[in-house]
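Please look through the structure below with its sequence alongside, and follow the description from one sheet to the next and then to the ligand.

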Amino acid sequence: MKEYTNTGTLNHVSEQKFHNIYEKKFRNFSFQEEDSNITRENRKKKSELYRKFLFSLFSSIDEFFIYKMIDNERQIRTISVAGSINSGKSSFLTSIISFNSPYLKDSIYKHMRTDEDIMKTTIIMTPLLKSIRKNNKYNTYYFLDTPGHSNLFQDFNLALCISDGVIITIDSIEGVTLQTKKIINSCLYTKKKIFILITKIDRLISELRLPPSTFYDKIQSIIFDVNLIIKNSNKKQDYFSFSKSNIGILSAEIGLFLTSEILNKLYHSIYPTIFKLFFPKEWIWHTENFIVGKNILKSNPKEPGSHNPIIFFAIIPIYKLYSFCLSENPLKIMQFIHKTNFSNTLLNLNFPLKNLMKFVFKSVFDYPQSTYEKFSEYFESSKHLNQLFTNSMSKQSSKKSSIFSHTAKNHFYDKYMEKKVFLGIKFFPNSYGKKFLLFGRILNGKIVNNDSLYAKNFNNIVHNFKINHFFLINCFQLKRIKSIKKGNCLVIEENNNLNEIPILITEESKVYESNPFIDKNLLKNTYPLKITIEPAYSMDLTKLLSGIQKYLKTSKNTIASVQESGTVQISGIGEFALNLMIKEICDFFSLLKVKVSNPFISLKETIECSSKFKSISIAQKSRIYMEIMTEKINLIKEKNEITKKYLSYQNDEMKHFYTQEYIMEKVKISNLSNNLWSYQVHDGFLNILSEYKTSYNDKQILKIRSTLIKAFLMACRTGPICMEPVVNINFAIQEIKSIEKIQQIFKKEISSCMKKLCHSSILISTPRILEPYSEIEVVTPFESSKMIFNILLNRRAIILNDMPIQGTLHYRILFLIPTINTIGLETDIRYHTQGQSLIIGFFKGWYIVPGYPISNQNNIKKNNIAHNYMKKIRRKKGMSEKINFSNLINESIIMKLLFNK
Ligand SMILES: Nc1nc2c(ncn2[C@@H]2O[C@H](COP(=O)(O)OP(=O)(O)O)[C@@H](O)[C@H]2O)c(=O)[nH]1
Ligand SMILES: [Mg+2]
């Protein structure tokens, strides 16, 4: 056990500090300290600007606007922004909200928690509200900034449930990553509209110094990769292309957003006349490409590399504006600044060049405005969600249609169309987790103060739920409101009644039998990595537990269970998720010190080939003789076929996914002609108890059948090697007979005999253990790639793919690695590459641990990893390191093994 060092002690000062972490986020907005050398006048000016800026950021929360904007459902859009870590999601959102204020630090909304600021990444999903007035109508946008770390992927899946569409950011240098692929697949599965945003394109120009044609190739190669994912998914979805205008190019740094429509607009030239003076069309598009007066562009085959009109139509202008700002001609820039009154808006004369660039690009491309226009047109508001609602409602009404006449049916339908439905996807803790705010979206109806509703979670537990206070939320700034209509996102104050996300809040408890808005499969998760924690002082246990309970409410990335010994076992998707949980509990929810164990994983026990010998047992008292053989269930080939078939069904049919039908089909395929007694499904694996012959209609045997099945289920739960679940084994009963006529059945004896029999049959086959593996992708500068291979060398990694990324100096490495060896990997790689690498990891599957778990002869002692695993786990569970064979294996088996070959 080692002590977790990140925690403070329980004194007053640190408590105050901890308090600030969250309070800051919800209450007091704190700004960057001002430079001391700024004059008083400037400071005054600056504070005035702060005020103005704040107004632009929170103007949407102003009373006046609220009543204007929240009524019109069709003008409201909820858009989640997703992508791999560091792909520029938060920068993009910050830039479209605060673009006009170059004097303020960009991070005004970004990274408000102290730890987010230290790690430079988003940890908690941030909702952002922006209202834009256009033609006297108020368009309202709820942007959800999702965390980018792959361990927090569930947060994105939850955000997806209430979104109308998704903006997927792809870093132009790193390209399409493993995570981008997962995100696209999630979107396709839930049929959400996707907009691809290729970010940080200024880096292609300033860092990589790509010529325009290579720039174009680079963008095309990213689009190609995206389309490949869509092709492989076999889903109905348009391919992405620049001309279809479902792709945008973005640089948040300089304020450039480009789609084919914006180009079109630019070409028909609507920017202010003053810019025409400096950037005339003939200059932006070379006179050879542009017929002045006729507004016609022509492609120029003379120029090498510019056969594609997009290059000189879109990319060359960017280059020209860029190089203008990098002062090809200082005099011209001075003129420009003077004439456009740009200097008026500057506080210091030695302005940074970046601001000039922002100013130029903004004016030419109409930066934040053009993005809003694009998204309001591209994402239809809540059409998909409405459809889900009407579908489920019509199902309801059709159920009752036998009772009602046609008009009554319509009446029922109309009545339910006004029902209140709210889908909550995230709890935000407030003041030490004493209270929680439930974030979500109104899917139907209108929510009013003091509404009394029903909350229902996955397990169909129904709570009464009274709505007292609810707020509009914008970067954790809250605004209380009295009533609000369909389509809006909001937070509802909640008093610890509800425990699980996602949660559906409806007007009548019986409206939905299942939740039509959320797919369980989307949120299905495996938690391979584990640790146990206990409080440093044992009297704090209850405090710790209540803290854990509160944390689990806010996150789906970890689970916890209390052990008999008073320790708490927490399992998570990865190291980052576990770290985060401990940190949150220690620093915020419980405020105490904990001891943390070394990380460990769960294992599974299986066999490699079918057994050659029968395993025999005799229940002495009951006089019953039993014979069993094990067979390996080999479904890997067929599995995909079946899974695909079953996945293609929708919601209700999904229930059949792991039902008898499915199992029977599996059994048929694996040519088990035996008579199926029972089966057990665990984590997608299968165990079967079957009978070799079908001739046992012996009444005596029928009597003990249920006992035998129970014993089989018990045997599968904890295997013989290290008490871990048994998977993928078919226990084929060869013979069961009563030796003499049964006088009395001793159920306990039969059950323990059967359990031992199952275990011994595993041990005399070829027992193996399985461990979880993760699939990890690393994107790194080429010169560091060798370093990474060295790091992987000692971690049993299997390299699947490594290749350079087109048009960059980066290298992409894809590998499989045992999950236990991912501990510290991320830190190692980041440290050795000076933080230039991108690391993405997901759980992949279960694979055999090399080595023989039970035999440990001298010649294989060195690399017998399986044996070491077994010893460690057995020690951990308080068992002796050696398996006691004599306990399990009957003498008669040994005799048979010796003589009956
Ligand atoms: N050069 C350049 N850097 C950018 C741009 N957008 C973001 N970045 C940088 O990329 C890093 C990660 O950005 P962030 O928005 O936090 O990524 P997130 O994890 O996806 O939210 C930051 O250091 C930004 O400065 C851009 O348009 N150009
Ligand atoms: Mg972020």
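Helices and strands are here DSSP runs, helices of at least four residues (H or I) and strands of at least two (E), each kind numbered from the N terminus. With those labels in hand, proline 502 can be placed in the loop between E19 and strand E20, the latter covering residues 503–506. The model is a predicted one, and in it the peptide bond that joins isoleucine 501 to proline 502 is cis, with omega at about -5°.

The strands on either side of that loop belong to an open sheet of eight strands, whose order is E15-E14-E20-E11-E12-E19-E16-E17 and whose pairing is antiparallel. Strand E15 (462–466) and strand E17 (477–481) form the edges, each of them pairing on one side only. From one strand to the next, the twist of this sheet averages 40°. Helix H20, which spans residues 541–554, packs on the sheet and touches strand E11 (421–430), strand E12 (435–444) and strand E19 (489–494), while the direction of H20 makes about 135° with that of E11. At the E17 edge, strand E16 (residues 470–474) runs antiparallel to E17 and is joined to E17 by five bridges; asparagine 474, for instance, has glutamine 477 as its bridge partner in E17.

A second open sheet has seven strands in the order E3-E4-E2-E5-E6-E7-E8, and its pairing is mixed. In general, the strands of a sheet pair through backbone hydrogen bonds, and they may do so in either the parallel or the antiparallel sense. The edges of the seven-stranded sheet are strand E3 (126–134) and strand E8 (256–258), each of which pairs on one side only. Neighbouring strands in this sheet are turned against each other by 25° on average when direction is ignored. A parallel pair within the sheet is formed by strand E5 (residues 165–171) and strand E6 (residues 193–199), which are linked over seven bridges, and isoleucine 168 has isoleucine 196 as its bridge partner in E6.

Strand E2 (76–83) of this sheet also leads towards the ligand, for asparagine 86 lies in the loop between E2 and H4. The phi angle of asparagine 86 is near 65°, a positive value in a residue other than glycine. A polar backbone atom of asparagine 86 is 2.9 Å from an oxygen atom of ligand 1, and a polar backbone atom of glycine 88 is 3.0 Å from an oxygen atom of the ligand. A side chain takes part as well, since an N or O atom in that of serine 251 is 3.4 Å from an oxygen atom of ligand 1. Taken alone, ligand 1 exposes 580 Å², of which the protein buries 81%.

Which elements give two or more residues to the shell around ligand 1? They are helix H4 (89–98) and helix H8 (202–206), and H4 supplies the largest share, three residues. There are 16 residues around ligand 1, and those that come nearest are Lys89, Ser90, Ser91, Asp202 and Ala252. By residue class, the shell divides into two nonpolar, nine polar and five charged residues.

Terms used. Residues numbered from 1 in each chain as written. Chains lettered and ligands numbered in written order. Predicted model: local features only at pLDDT ≥ 70, side-chain atom pairs only at ≥ 80, totals over all residues. Heavy atoms only, no water. Near = heavy atom within 4 Å. Polar contact = N/O pair within 3.5 Å; in protein donor to acceptor, adjacent residues only side chain to side chain. Areas by Shrake-Rupley, 256 points an atom, 1.4 Å probe, with all protein chains shown as cover. Nonpolar A, V, L, I, M, F, W, Y, C, P; charged D, E, K, R; others polar. Pairing = 2+ DSSP bridges. Axes fitted to C-alpha atoms, helices over the stretch in contact; angles between N-to-C directions. Contact = heavy atoms within 4.5 Å.
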